[in-house]
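Here's a short walk through a protein model, written for someone who is just starting out. Take a moment to look it over, and then we'll go through it piece by piece.

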Amino acid sequence: MRSKRIELFVGAFIVVGIMAFVYLAVQVSGLAFSDKKDTYQIVARFDDIGGLSNRAKVTIAGVNIGSVESITLDKDLYMGLVTMNIDSDVDNIPTDSSIAILTSGLLGEKYLGLSIGADDEMLTDGGEIFDTQSALVLETLISQFLFKAGDSE
Amino acid sequence: MKMVAELGAALLNWLESVGRAGIFLIQSVFRLPVRPKESLNLLVKQLYSVGVLSLVIVVVSGAFIGMVLALQGYSILAKFGSEEAVGQLLALALLRELGPVVTALLFAGRAGSSLTAEIGLMKATEQLSSFEMMGVDPLRRVIAPRFIAGVICLPLLSLIFSATGIIGGLIVSVNWLGVHDGAFWSLMQQSVYFDTDILNGFIKAVFFSVAVTWIAVYQGYECVPTSEGIGKATTRTVVLGSLAILALDFVLTAAMFGDF
């Protein structure tokens, strides 16, 4: 009788432990089990990636449509080569779309924002976006501002 | 000259005890059980006394640590107007560091010391040698279920600790301090990754569990079989266990989160 009770408590303990694991996985890390969506890869070259990191969001109109897969240096052009995975159900991005590195909030994370172009041809796997806008670097902005202020005097 | 010899002897003694502890672990755990049904029963009994009975202290301290983290984080983050980030702070701090480390420290104090004292008393009252007389291997019958139970329990307890900590922090920050709960969760989910944060925390807890339980059962088995010896062995379990946890934590953190 007593041993049965112990078994019951031990079983409950293990179940609670597994529940805690599932809770952490689903609620805290936001892991979705259907997360393994089909994706296709596109690339873009930036003059300055300014703090963009792997797994950063890629958005259209603020809606998340993919993530950054890798960031490497293009040694021939001296530009940052960003490879990103785009959900395959978003298959209607025109080839002349432009992409910019944006910041969420004043000090938030960097993410990529796509602005849709007007071309009839759509980007496919391995396609490249040529119209890119680099990250705003605060130092550059300030120096531009100072130069302008100096000119007007 | 004499000092050098003493130093060498101390080093050799230390190496010898490390070797003994390793052989002891292999002899007790890496052996097939003779009667699987009975060993399972022994294991369940140990899971109860090591895991279930540690549940209360882990849940209570987890909830309070989560609440304190939320309060402290809120008071500083509110100065920058970004009090929603308290969820992110709470989850990362608990999952990466506080969950595994504090649970392991509590476990060393609560379960490790009782394992040492129990095994030490068994040795002092010659129960271990009477097992041997009866032809039962005490390593397999007494040590193995305790070690395995400790290794199973600590990671589970650490998960429970983190989960209750996050719930405690949620109550303080969302229900009492008025942080917007949508922002609380979404910022948390954006910054917590399953593999780098939750799994790495879990792996840490597994390492700690092996270290703490190993130290506890070994100290119990090797203690001087007197009441004073048992007391000393119990103290040594808690001290060595805590130091091992903190040192291991630094090494593991450097390996897991060291590349920025």
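When two helices pass each other, the crossing is called left-handed if the near helix is turned anticlockwise from the far one by less than a right angle, and right-handed if it is turned clockwise. Keep that in mind for later, and remember that what you're looking at is a predicted model.

Let's begin with chain B as a whole. Its secondary structure adds up to nine helices and zero strands, so reading along the sequence gives you α-α-α-α-α-α-α-α-α. The C-alpha trace of chain B spans about 70 × 55 × 30 Å along its principal axes. Chain B has 260 residues, and 42% of them count as buried. Now take the contacts in chain B with a separation of 6 or more: 87% of these link residues 24 or more positions apart.

Next, zoom in on one pair of helices. In chain B, H3 (residues 55-77) packs against H6 (residues 138-176), with the axes 7 Å apart and an angle of about 45 degrees between them. Because of that angle, H3(B) is oblique to H6(B). And here's where the opening definition comes in: H3(B) passes H6(B) in a right-handed crossing.

Which residues make the contact between these two helices? On the H3(B) side they include Val58(B), Gly62(B), Phe64(B), Leu69(B) and Tyr74(B). On the H6(B) side, Leu157(B), Phe161(B), Thr164(B), Gly168(B) and Val172(B) are among them. Sorted by class, the residues of this contact come out as 16 nonpolar, seven polar and no charged.

Chain B can also be split up in another way, into domain 1 (1-30) and domain 2 (34-257). Their C-alpha centres lie 28 Å apart. Where the two domains touch, domain 1 of chain B supplies six residues and domain 2 of chain B supplies nine residues.

There's a second chain to think about as well. The contact between the chains takes 17 residues from chain A and 22 residues from chain B.

How do the classes work out in these contacts? Here they are in a table.

| Contact residues | Nonpolar | Polar | Charged |
|---|---|---|---|
| H3(B) with H6(B) | 16 residues | seven residues | no residues |
| Side of domain 1 of chain B that touches domain 2 of chain B | four residues | two residues | no residues |
| Side of chain A that touches chain B | 13 residues | three residues | one residue |

Note on methods. Residues are numbered from 1 along each chain as its sequence is written. Chains are lettered from A and ligands numbered from 1 in the order in which they are written. This is a predicted model: local features need pLDDT of at least 70, side-chain atom pairs count only at pLDDT 80 or more; totals for chains, interfaces and linings use all residues. Axes are lines fitted to C-alpha atoms, for helices over the stretch in contact, and angles run from 0 to 180 degrees between N-to-C directions. Helices (H or I, at least four residues) and strands (E, at least two) are DSSP runs, numbered from the N terminus. Angles under 35 degrees count as roughly parallel, over 145 as roughly antiparallel, 65 to 115 as roughly perpendicular and the rest as oblique. Two residues are in contact if their C-beta atoms, placed from the backbone, lie within 7 Å. Ala, Val, Leu, Ile, Met, Phe, Trp, Tyr, Cys and Pro count as nonpolar, Asp, Glu, Lys and Arg as charged, and the others, Gly among them, as polar. A residue is buried if 20 or more other C-beta atoms lie within 10 Å of its own, exposed if 12 or fewer, and partly exposed in between; C-beta atoms are placed from the backbone. Domain bounds come from an automatic or database domain assignment.
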